[in-house]
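This note comments on the packing, pockets and ring pairs of the structure shown below. The points are numbered for ease of reply.

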Amino acid sequence: MSEKTILKLQLPTDPLWVKNVVESNIEEILTDHAYCEQKAASNAITIIVQNPDLSDLVQEMADLVREEMDHFKRVHDIIIKRGYTMGRERKDNYVNELFKFLTKGGGRSIQRVDRLLFSAMIEARSCERFKVLSENIGDPELSEFYRELMISEAGHYTMFLKFAKKYADGIDVDKRWEDFLVYEAEVIKNYGKAETIHG
């Protein structure tokens with residue numbers, strides 16, 4: 001999978017992030033990952049609450065909540081199996097910075113499109129990070145686990161983009177997505193140094 005062609009991300013993660021940061025603190029990355037899955041479920045619930053009239057979107061988000069919580073449980077199972085304890089939630093500064101790019105005001109349609117593109121961006125970067133993890137981590141169990149999740153996240157990314165275009169209501173979604181990609185490239189320059197999924 002080429003991130004440039006498939007995910008369109010402009011700045012790839014340096015594989016040394018896995019060797020220099022992640023492998024020295026597996027417990028920390030697993031804790032952060034567990035919370036990422038829980039937040040992804042919460043985000044899907046928020047989209048349901050904001051768009052109860054869009055039945056197909058509600059159905060997809062309900063399925064997504066179930067899937068993300070299943071991922072959460074699987075990460076937590078690995079934490080327990082390895083004798084770790086899930087720590088407290090960490091702030092996700094990357095996601096918080098992306099959130100600042102969302103349009104304030106402007107009507108329901110633009111806010112909906114922005115929320116869906118924001119969600120697609122997080123899934124795209126998570127997918128890319130899982131790919132880097134699966135290919136570079138010296139832990140066969142986690143390598144296989146992250147390869148599986150990479151495929152799942154790619155499906156989520158395309159689903160969010162599909163709904164953004166379906167409910168665009170005249171908004172140029174491709175142009176807005178390009179703007180998101182440029183903004184995300186600037187944000188991600190400051191990350192890749194911590195034992196967090198987006199860190």
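**Aromatic pairs, cores and pockets**

1. Across the whole structure, which is a predicted model, a search finds 7 aromatic pairs. One of them joins F101 and Y183 in a stacked arrangement, with 4.4 Å between the ring centres and 15° between the planes. Since F101 belongs to the loop between α5 and α6 and Y183 to helix α8, this pair ties together parts that lie 82 residues apart in sequence. Y183 is partly exposed, its relative accessible area being 23%. F101 and Y183 also belong to a cluster with F180, linked by ring pairs.

2. A further pair is formed by Y157 and W177, whose ring centres are 6.1 Å apart; because their planes meet at 45°, the pair counts as tilted. Y157 sits in helix α7 and W177 in helix α8, so parts that are 20 residues apart in sequence are tied together here. Is each partner buried or exposed? Y157 is buried, at a relative accessible area of 5%, and W177 is buried as well, at 7%; the cut-off for this class is under 20%.

3. The largest nonpolar core holds 36 residues, and those touching the most other members are M61, Y94, L117, M121, F160 and W177. At least two residues of this core come from each of α3 (26-50), α4 (55-81), α5 (93-99), α6 (108-136), α7 (140-166) and α8 (173-188). The largest share, 8 residues, is supplied by α6. Another core lies apart from it and has 25 residues, including I29, C36, I137 and I197. As background, nonpolar side chains in soluble globular proteins tend to be buried together.

4. Which residues lie nearest the centre of the largest pocket? They are C36, K39, A40, V95 and I122, out of 26 lining residues. The volume of this pocket is about 410 Å³. Two or more lining residues are given by each of α3, α4, α5, α6 and α7, with α6 giving the most, 7 residues. In character the lining comprises 10 nonpolar, 6 polar and 10 charged residues. C36 thus appears both in the 25-residue core and in the lining of the largest pocket.

5. K39, one of the residues nearest the centre of the largest pocket, is found in helix α3. K39 counts as partly exposed because its relative accessibility is 24%. Leaving aside residues up to four places away in sequence, K39 touches E89, R90 and D92. The C-alpha atoms of K39 and E60 are separated by 17 Å, the two residues being 21 apart along the chain.

6. The second largest pocket contains about 210 Å³ of space. Its lining consists of Q50, N51, F99, L102, T103, K104, R108, Q111, R112, D114 and R115. Here too α6 gives the most, with 5 residues. By class, the lining of the second largest pocket has 2 nonpolar, 4 polar and 5 charged members.

7. A backbone point concerns D169, which has a positive phi of about 50° although it is not a glycine. D169 lies in the loop between α7 and α8. With a relative accessible area of 55%, D169 is exposed.

Conventions: Residues are numbered from 1 along each chain as its sequence is written. This is a predicted model: local features need pLDDT of at least 70, side-chain atom pairs count only at pLDDT 80 or more; totals for chains, interfaces and linings use all residues. Side-chain values use heavy atoms; hydrogens and water are left out. A nonpolar core is a set of buried Ala, Val, Leu, Ile, Met, Phe, Trp, Tyr and Cys residues joined through side-chain atoms within 4.5 Å. Buried means under 20% relative accessible area, exposed over 50%, partly exposed in between (1.4 Å probe, protein chains only). Helices (H or I, at least four residues) and strands (E, at least two) are DSSP runs, numbered from the N terminus. On a 1 Å grid over the protein atoms alone, a cavity is a set of points where a 1.4 Å probe fits but cannot get out, and a pocket is an open set with protein on both sides within 12 Å along at least five of seven lines; lining residues have an atom within 4 Å of a point. Grid points are joined across faces, edges and corners, and a volume is the space filled by probe spheres set on the points. Ala, Val, Leu, Ile, Met, Phe, Trp, Tyr, Cys and Pro count as nonpolar, Asp, Glu, Lys and Arg as charged, and the others, Gly among them, as polar. Contact means heavy atoms within 4.5 Å. Rings of Phe, Tyr and Trp (its six-membered ring) pair if their centres lie within 6.5 Å; planes under 30 degrees apart count as stacked, over 60 as edge-to-face and the rest as tilted.
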